[in-house]
Amino acid sequence: MSDVSLSPVVTLEDVSVAYGRHPALRSVTTSFAVGAVGLLGPNGAGKSTMLKALLGFLVPQRGRMRVLGLDVAASPLEIRARIGYMPESDAHIPGMNAVSFVAYCGELAGLPRVDAMQRAHEVLYYVGLGEARYRNVETYSAGMKQRIKLAQALVHDPDLLFLDEPTNGMDPKGRDEMLDLIRDLGHNKGMNLVLSSHLLPDVEFACDHVVVMDKGSVVAAGPIAALKQPRGQVFELRVKIAVGELDGFLDRLRAAGIECYATDDDVMRALVPGEGGARDLFAFAAAEHVQVRHLRPSVPTLEDVFAKAVGEK
Amino acid sequence: MPIHDQGYRRYGGARGRRGHGWAVIAAAGLRTFFARRIFLGLLLMAWLPAIVRAVQFYAVANFPQASVLAPTPDTFRQFLDQQTNFVFFMTVYAGAGLIANDRRANALQIYLSKPLTRSDYVFGKLAILTTCLLMVTWVPAMALLALQAAFAGNVTFLRGHIYLIPAITVFSTLQVVTVSAAMLALSSLSKSSRYVALLYAALVFFSVALFGVLRFVTRDTSLSWISLPNDLAQLGDAIFRVPLRFATPWPVALMMIVALLVASGLVLERRVRGVEVVG
């Protein structure tokens, strides 16, 4: 593979975007590699703003963006002809059935009418709406609306897909099917895609690379496998401690260089640097007169990367 | 097991030239309207006056007793005046939802994520409404001119009043573009086509009613410029070279129309965006 094909599909250099006085992106410099890249971050991190700026919907106050080697400010139409965008919110053309809607989107993207209609049938089958393609889009369920948004983004066969929270509002089965589609596109169909999501498992399942955002800044980026490489050992930890003293204990733990954050369960995840591992944790707990009730080695997850990157406690 | 592969396939066909997005929007919009019975019914009703006039021209050409009904240039001015009511109904029916429905369905971000400019989008929508309106003004008026010549078996009338062709064209275009731009601007302000329809009707009726009150109070028609229908009527009279119906100079009416077009353009420029930014 040549160097050109390995060059990033999207690059941002010192990009700042604000809504009025509220900054949404703060001097963001990052790039998105070829293949499937997750854009991960909590709600309000600036993920959708970044996608809208790349589409040219928002003009940055500062900085430069390139998509597929083209400057966003200079060639917005050329870029939009080569990308597909699946917006986060419900979006459709009113008064059309699914096949008309998708074919219309194909025509808008520059496909001849006959080809657009043929492609519309094909992509509707691909996203699982083949049997419902003559129904008015307004009668679709939330899950079906997500699928048709993917279909309209795919109909013109883009080189790059922007998917903004594609599993929003879907039931577990529909979510799995949507993620299967996205994974298939990225891994088997050779399509570059940027998957914006606040859901770690979605990104971990469908993507190879990740860009983690928080409060308008990029806080981590790279191949997921590399980011998950342990720089120490990860443990699940539960301690017996007096009410009100846990926060102080955690602060002292972090001061000792042990990353620690709470999970949804009553256990914490602790990243112990160096080779000491469990011995260091027990020694620290003993010194603090805290009883360890549960300690189990764990494997690093994207959640650890995310929690560390956004400084979650 | 499927008979053929229903997986995703790459597209290897041709892609059209860019810059024709507005034509795609216009064609799709017109196809949608022509598939509706209400629209076709409205169009048919709008053509009834033209059919009556055609019968009149036929009678004049074939029955000497009907010579008192012989067409004059004023006949065409009166015809376009009559069509104003149908222009109103067609504008409300076809125009109110053009952008409002797209805003309700968040369709703008779909449109503007394609290789389209905001101008393409607006011109596409404008083309839908202007085409619909030209079909109740310019098309029947020109058809009547042609029928008059056909029934008479000569082009004497047409040759004697050749200015009718540009007059009908200029007035119809001015009328259609003005009301289309105003309606599109109103349509971009709301997500409800019903609200837009009511707003447009209220603006038209209110301005006409206000002029009526002022006319009664001042016993003068020089304030006719406050009403869009009056401005268009005044300009129509000037274009067709018939006596002006109001005391307002026609350049003032023209200035009002231009101001309305500029205001509509500014509203559309602000409202037609891929992202709604408040602040």
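**Figure 1. Gly84(A) sits in strand 6 of chain A.** In this predicted model, the strand that holds Gly84(A) covers residues 83-86 of chain A. Is Gly84(A) buried or exposed? A residue needs 20 or more other C-beta atoms within 10 Å to be called buried, and Gly84(A) has 27 such neighbours, so Gly84(A) counts as buried. Look next at the residues that Gly84(A) touches, leaving out those up to four places away in sequence: Ala153(A), Leu154(A), His156(A), Pro158(A) and Leu161(A). Val212(A) makes a useful landmark too: 128 residues separate Gly84(A) from Val212(A) in sequence, and their C-alpha atoms lie 22 Å apart in space.

**Figure 2. Chain A is divided into two parts, domain 1 and domain 2.** Let us step back to take in the chain. Domain 1 runs over residues 3-225 and domain 2 over residues 233-310 of chain A. How far apart are the centres of the two domains of chain A? Taken over C-alpha atoms, the separation is 37 Å. Where the domains meet, domain 1 of chain A gives 11 residues to the contact and domain 2 of chain A gives 6. On the domain 1 side, the elements that give two or more residues are helix 8 (200-206), strand 9 (209-214) and strand 10 (217-223) of chain A. Sorted by class, that side of domain 1 of chain A has 9 nonpolar and 2 charged residues, with no polar ones.

**Figure 3. Chain A is built from 12 helices and 14 strands.** Along the principal axes, the C-alpha atoms of chain A fill a box of roughly 75 × 45 × 40 Å. Chain A has 313 residues, and 43% of them are buried. Now think about contacts in chain A between residues at least 6 apart in sequence: 67% of these join residues at least 24 apart.

**Figure 4. His289(A) sits in a loop and has a positive phi.** The loop in question links helix 11 (278-288) and strand 14 (291-298) of chain A. The phi of His289(A) is about 60°, although His289(A) is not a glycine. How many C-beta neighbours does His289(A) have inside 10 Å? There are 7, and a residue with 12 or fewer is called exposed, so His289(A) counts as exposed.

**Figure 5. Arg219(B) also has a positive phi, this time in chain B.** Here the phi is about 55°, and again the residue, Arg219(B), is not a glycine. Find Arg219(B) in the loop between helix 10 (193-218) and helix 11 (228-239) of chain B. Arg219(B) is exposed, because just 7 other C-beta atoms lie within 10 Å.

**Figure 6. Helix 10 of chain B packs against helix 11 of chain B.** Their axes are 7 Å apart and meet at an angle of about 75°. Angles of 65 to 115 degrees count as roughly perpendicular, so that word describes helix 10 of chain B relative to helix 11 of chain B. Which residues make the contact? Helix 10 of chain B brings Val204(B), Ser207(B), Val208(B) and Phe211(B), while helix 11 of chain B brings Leu228(B), Pro229(B) and Asn230(B). By class, this contact has 5 nonpolar and 2 polar residues, and no charged ones.

**Figure 7. Met256(B) is a buried residue of helix 12 of chain B.** This helix spans residues 250-271 of chain B. Met256(B) has 22 other C-beta atoms within 10 Å, which is why Met256(B) counts as buried. Leaving aside neighbours within four places in sequence, Met256(B) is in contact with Trp225(B) and Asp231(B). Met256(B) and Asp231(B) are 25 residues apart in sequence, yet their C-alpha atoms are 7.3 Å apart in space.

**Figure 8. Chain B meets chain A.** Here 33 residues of chain B are in contact with 38 residues of chain A. On the chain B side, helix 1 (21-34), helix 4 (97-104) and helix 5 (108-112) are the elements that give two or more residues. The residues on this side of chain B divide into 14 nonpolar, 12 polar and 7 charged.

**Figure 9. Confidence scores go with the prediction.** The model scores ipTM 0.89 and pTM 0.86. Chain B averages a pLDDT of 93, and 96% of its residues score at least 70. Which element of chain B has the lowest mean pLDDT, and which the highest? The lowest is helix 8 (residues 156-160) of chain B at 94, and the highest is helix 9 (residues 164-187) of chain B at 98.

Conventions: Residues are numbered from 1 along each chain as its sequence is written. Chains are lettered from A and ligands numbered from 1 in the order in which they are written. This is a predicted model: local features need pLDDT of at least 70, side-chain atom pairs count only at pLDDT 80 or more; totals for chains, interfaces and linings use all residues. Helices (H or I, at least four residues) and strands (E, at least two) are DSSP runs, numbered from the N terminus. Two residues are in contact if their C-beta atoms, placed from the backbone, lie within 7 Å. Ala, Val, Leu, Ile, Met, Phe, Trp, Tyr, Cys and Pro count as nonpolar, Asp, Glu, Lys and Arg as charged, and the others, Gly among them, as polar. Domain bounds come from an automatic or database domain assignment. pLDDT is the predictor's confidence in each residue, from 0 to 100. Axes are lines fitted to C-alpha atoms, for helices over the stretch in contact, and angles run from 0 to 180 degrees between N-to-C directions. Angles under 35 degrees count as roughly parallel, over 145 as roughly antiparallel, 65 to 115 as roughly perpendicular and the rest as oblique.
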